[in-house]
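Take a moment to turn the structure around before reading on. Then let's walk through a few spots together.

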Amino acid sequence: MSTVIRRALSGLLIPPILRNHSSVLVRIRTYSQETSHDGAPTGLYGFQHLKSPRGFQRFVDEAIERSTELVAYICGMPSAAEIIRAMDEISDKVCSVVDSAELCRNTHPDREFVEEANKASMRINDYLHYLNTNCGLYDAVKKAEDEGHLLTKEAQRAASYLRFDFEKGGIHLSGEKLEKVNELNTEISQLCQEFGQNMAVDMGSVDVFPATRIPKHLHRLCKPIYRSTLGMSMGSSNSTSNMKEKGFQIITDPATLSSVLQCAADEEVRKMAYIEGNSVPHANLGVLDKLIAVRHELAQIIGCASYAEFALKQNMASSPAVVMSFLLEMSEMVRDKADKEFNAIRNFKRQKSGQCVDLEPWDESYYTAMMKSSMYDLDSSVVASYFPLPRCIEGLKILVQSLFGATFHSVPLSPGESWHSDILKMTLHHPDEGDLGYLYLDLYAREGKYPGCAHFAIKGARRISNTEYQLPVVALICNFSGSHNSSLARLNHFEVETLFHEFGHALHSLLSRTECQHFSGTRVALDLAETPSNLFEYYACDYRVLKTFARHYSTGETIPEKLVESMQGAKKMFAATELQRQIFYALIDQTLFGDRPAGQRDTSSVVTDLKSQYTSWRHVEGTHWQTRFSHLLNYGAGYYSYLYAKCFAATIWQKLCQDDPLSLTTGTALRKKFLQHGGAKDPSEMLNDLVGGGGIVRNYNGGIVPDTASLADEMGLVDYNMKLMEGKREKHV
């Protein structure tokens with residue numbers, strides 16, 4: 001599952017950004033990058049400082065110099081509006097460095113650029129520490145909040161969030177406690193780095209002999225190896241000789257492991273790969289224990305009972321009790337259907353093997369893939385033939401044209417602006433409003449590049465003045481096979497869904513028209529952030545959308561409706577099992593970062609117990625899957641957000657999009673009532689306004705939870721929906 005690439009500076013404040021509010025829609029001068037449109041050289045991402053790797057040093061210098069001037073100005077206690085405006089500019093300066101360095105570190109093929117980006121990241125983080133502990137800034141923000149009646153609504157929200165972020169960093173505590181908070185935040189950052197490094201270094205491997213046990217189409221993922229064996233010499237019945245037997249070494253990184261578990265017919269091979277892949281890196285068991293303990297200590301110093309409470313305060317859920325109630329409700333909702341799916345897979349395995357055997361964790365991917373193929377006669381290569389990557393990009397263009405009346409235009413890259421020859425740049429243009437933002441596409445896999453798919457912010461949208469507006473700039477990063485100059489890149493349907501998912505994040509940024517950079521695009525409450533991306537996955541599965549762009553790579557034939565129906569059916573076959581897995585992951589996350597009773601159990605015991613209690617699958621003794629659960633780093637106590645988004649997206653799709661998904665009316669509602677506001681408005685108010693009233697969120701115990709009815713309906717959980725309605729009727733009685 002892909003994620004939004006968000007700033008992961010645990011405990012560090014990144015100040016918001018704010019601009020003057022105008023209720024009048026006027027055509028204003030817009031600014032985005034320093035990109036030259038006459039072909040003159042520029043720097044990386046359009047920043048003039050980044051013409052060379054060492055330019056990162058000057059980039060940081062300039063951000064610090066200007067921010068320091070603004071700090072002095074703010075500490076002079078100007079008006080509330082000026083305090084927020086200046087904090088806005090600081091945030092923009094600092095975020096430009098943080099975000100550019102993060103993108104460079106993850107995608108640039110030049111090691112010198114990567115090394116300088118690393119140095120820039122460390123320097124700006126040190127400066128952030130200075131900002132976070134600056135009592136003058138904190139006092140000014142409190143003054144602005146106290147004078148909130150003089151501010152716009154968005155500025156009031158910015159002042160409140162700034163004050164909260166300062167206090168989350170412990171600035172309101174005594175000197176001794178504040179020093180301890182800073183030490184703990186540093187330790188948390190180091191532990192997160194260590195966790196990630198261990199994952200990169202220790203991916204695990206298994207050796208398989210003979211080579212024939214590995215399907216031919218998986219050979220490209222494996223390393224050929226050889227071992228000596230004793231064999232009979234030619235021409236002699238009594239002599240032996242050393243012979244070389246060929247085998248394969250499987251590196252059990254997540255992507256390769258997934259392919260092996262789905263395609264290897266040899267159960268012993270699947271078992272070995274599963275156990276190894278879920279038992280590394282062993283060193284992360286200790287790292288995770290320390291991370292949990294340190295985060296818990298941090299939360300308690302701040303005044304919270306647990307890290308989960310600390311992390312959730314500004315989210316819609318607001319408390320661990322609300323999240324756990326939601327997760328348990330979801331678990332109950334899906335349990336019966338998930339159990340039926342488990343039994344169906346087990347029966348299928350028994351039918352194929354002719355034996356009364358148990359269903360094992362390493363069997364799931366293999367047999368579910370076989371069952372889908374059998375039920376719907378699906379061939380992944382046939383499906384992929386209708387999704388050449390250039391046609392998929394065309395599909396994204398058609399989508400924005402239909403929904404928003406806007407067009408994507410390819411624009412030339414200035415010398416020095418790009419980081420690889422595969423990069424494409426597009427501008428999103430509206431006929432009445434002009435350019436809305438810029439999008440870089442880095443879609444092809446290459447060595448040393450961030451391995452997944454993600455959306456990276458480069459510049460957030462913000463108002464500079466009454467007549468100037470800074471346009472958003474983002475990058476969409478994927479790892480598809482092929483290259484820009486190749487016509488061979490064809491996506492399987494999961495990759496198409498992933499592309500549309502990340503495009504949902506990109507649109508959230510590109511269509512943002514907030515006054516404050518702090519609230520631009522995906523800078524929203526964590527449990528809202530994945531909603532646009534989940535919504536746009538629906539577009540990747542709807543025939544009315546797919547027929548506009550999905551064409552056979554050689555014949556040009558439009559994708560057949562029957563094929564799409566089969567794809568939809570296969571996707572739904574084991575939806576309850578997948579949803580149950582996500583609930584299980586979220587329960588692990590909440591439990592590990594929740595209250596810590598005396599005699600806290602080790603993380604493996606927690607995982608074992610939760611798996612037994614909330615899934616039908618058994619835990620394999622000795623494995624510790626959680627040591628690869630990287631979401632515990634950046635999404636600690638927040639993994640439930642994916643499930644919130646899944647519920648919100650299901651409701652938005654059914655109530656707003658399903659009848660006419662490509663209509664301008666639908667798109668206008670999405671843009672004007674949701675996407676353009678980023679985090680500047682209350683999430684529950686936006687969601688209710690979008691769907692025309694209730695039926696998308698519910699108030700519970702001081703927090704907000706999604707209404708699950710639309711998702712239950714989509715998944716065919718009729719019995720659960722009836723129970724839900726009966727419960728609501730009883731409440732009214």
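Here is a short tour, beginning with how far to trust the model and moving on to a helix and two single residues.

What you're looking at is a predicted model. On the whole the predictor is confident: the protein chain averages a pLDDT of 91, and 90% of the residues score at least 70. The start of the chain is another story. Over residues 1–32, pLDDT stays under 50, even though the model has 126 contacts there that reach beyond four places in sequence. Take that stretch with a pinch of salt.

Now find helix α2, which runs over residues 80–107. With 28 residues, α2 spans 40 Å from its first C-alpha to its last, and that is close to the 40 Å you'd expect at 1.5 Å a residue. Most of α2 is covered up, with 22 of its 28 residues buried.

Next, hop over to G169, which sits in the loop between α5 (153–168) and α6 (175–201). Is this loop residue buried or exposed? G169 counts as buried because its relative accessibility is 10%, and the cut-off for buried is under 20%. Look for H129 too: G169 and H129 are 40 residues apart along the chain, with 9.5 Å between their C-alpha atoms.

Last stop: E497, in helix α15 (residues 493–510). E497 has a relative accessibility of 9%, so this residue counts as buried as well. What does E497 touch, leaving aside its neighbours within four places in sequence? Its contacts are E537, A540, C541 and K571.

Conventions. Residues are numbered from 1 along each chain as its sequence is written. This is a predicted model: local features need pLDDT of at least 70, side-chain atom pairs count only at pLDDT 80 or more; totals for chains, interfaces and linings use all residues. Side-chain values use heavy atoms; hydrogens and water are left out. Helices (H or I, at least four residues) and strands (E, at least two) are DSSP runs, numbered from the N terminus. The expected span of a helix is 1.5 Å times one less than its number of residues. Buried means under 20% relative accessible area, exposed over 50%, partly exposed in between (1.4 Å probe, protein chains only). pLDDT is the predictor's confidence in each residue, from 0 to 100. Contact means heavy atoms within 4.5 Å.
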